[in-house]
Amino acid sequence: MMEAANLLPYNPQETNYTKITQEEIQREVDYWRAYKILQKMLKAGLISEEEFNKIDKLNRKTFSPMYAQLMA
């Protein structure tokens with residue numbers, strides 16, 4: 001398996017990386033902290049699943065996390 005990976009051509013000049021800003025990283029961290037708190041509140045029965053989804057939707061708009069789209 002590793003042999004096949006070694007045969008792939010690699011040209012660092014062809015890579016198209018986008019730099020992430022400190023602000024984007026902070027928004028991502030803030031969103032995931034809020035998400036984890038929401039999960040704990042849901043598990044503790046402090047909020048319903050409907051409330052969880054509404055708050056999470058608001059948090060996605062507020063924090064604009066880059067990777068939230070990957071989650072269901």
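**Entry 1: the ruler for a helix**

I began with a yardstick: the expected span of a helix is 1.5 Å times one less than its number of residues. Everything below was looked up in a predicted model. I held helix 2 against the yardstick first. Helix 2 runs over residues 22–43, which makes 22 residues. From its first C-alpha to its last I get 32 Å, close to the expected 32 Å.

**Entry 2: the chain as a whole**

I stepped back for an overview. I count three helices and zero strands in the protein chain, and reading along the sequence gives the pattern α-α-α. The chain has 72 residues, of which 17% count as buried. I also looked at contacts between residues at least 6 apart in sequence, and 55% of these join residues at least 24 apart.

**Entry 3: two sides of helix 2**

Which residues of helix 2 are buried? My list reads Glu-28, Tyr-31, Ala-34, Tyr-35 and Leu-38. Looking down the axis of helix 2, I find these buried residues within an arc of 135°, so they line one face of the helix. A reminder to myself: an α-helix has 3.6 residues a turn, so residues three or four places apart point the same way.

I then turned helix 2 around. The face away from the buried side carries the exposed residues Gln-22, Arg-33, Ile-37, Lys-40 and Lys-43. What do the buried residues of helix 2 pack against? The partner is helix 3, residues 49–63.

**Entry 4: helix 3 under the same ruler**

Helix 3 has 15 residues, which should span 21 Å at 1.5 Å a residue; I find its end C-alpha atoms 21 Å apart, which agrees. Its buried residues are Phe-52, Asp-56, Asn-59 and Phe-63. They cover an arc of only 60° around the axis, so they sit on the same side of helix 3.

On the other side of helix 3 I noted Glu-50, Lys-54, Lys-57, Leu-58 and Lys-61 as exposed. The cover over the buried residues of helix 3 includes helix 2, which I was glad to see from this end too.

**Entry 5: how the two helices meet**

At what angle do helix 2 and helix 3 pack? I read about 175°, with the axes 10 Å apart. Angles over 145 degrees count as roughly antiparallel, so that is what helix 2 is to helix 3.

I wrote down who makes the contact. Helix 2 brings Arg-27, Asp-30, Tyr-31, Ala-34, Tyr-35, Leu-38, Gln-39 and Leu-42. Helix 3 answers with Glu-49, Phe-52, Ile-55, Asp-56, Asn-59, Arg-60 and Phe-63. Sorted by class, the contact has eight nonpolar, two polar and five charged residues.

**Entry 6: Asp-56 and Asn-59**

I wanted a closer look at two residues of that contact. Is Asp-56, in helix 3, buried or exposed? At 7% relative accessibility Asp-56 counts as buried, because the cut-off for buried is under 20%. Setting aside neighbours within four places in sequence, I find Asp-56 in contact with Tyr-31, Tyr-35 and Leu-38.

Asn-59 is also found in helix 3. Its relative accessible area is 14%, so I list Asn-59 as buried. With neighbours within four places left out, Asn-59 is in contact with Tyr-31, Ala-34, Leu-38, Ser-64 and Pro-65. Tyr-31 and Leu-38 thus appear among the contacts of Asp-56 and of Asn-59.

**Entry 7: the loop between the helices**

Next I followed the chain out of helix 2. Just after helix 2, Gly-45 takes a positive phi of about 80°. Ile-47 lies in the loop between helix 2 and helix 3. I had to check the area of this loop residue: Ile-47 is buried, with a relative accessible area of 12%. What does Ile-47 touch, leaving aside its neighbours within four places in sequence? The contacts are Leu-38, Met-41, Leu-42 and Phe-52.

**Entry 8: past the end of helix 3**

Last stop for today: Ser-64, in the segment after helix 3. Its phi is near 50°, a positive value in a residue other than glycine. Ser-64 counts as partly exposed, at 39% relative accessibility. I had already met Ser-64 as one of the contacts of Asn-59.

Notes:
Residues are numbered from 1 along each chain as its sequence is written. This is a predicted model: local features need pLDDT of at least 70, side-chain atom pairs count only at pLDDT 80 or more; totals for chains, interfaces and linings use all residues. Side-chain values use heavy atoms; hydrogens and water are left out. Helices (H or I, at least four residues) and strands (E, at least two) are DSSP runs, numbered from the N terminus. Buried means under 20% relative accessible area, exposed over 50%, partly exposed in between (1.4 Å probe, protein chains only). The arc is that of the directions from the helix axis to the C-beta atoms. Contact means heavy atoms within 4.5 Å. Axes are lines fitted to C-alpha atoms, for helices over the stretch in contact, and angles run from 0 to 180 degrees between N-to-C directions. Angles under 35 degrees count as roughly parallel, over 145 as roughly antiparallel, 65 to 115 as roughly perpendicular and the rest as oblique. Ala, Val, Leu, Ile, Met, Phe, Trp, Tyr, Cys and Pro count as nonpolar, Asp, Glu, Lys and Arg as charged, and the others, Gly among them, as polar.
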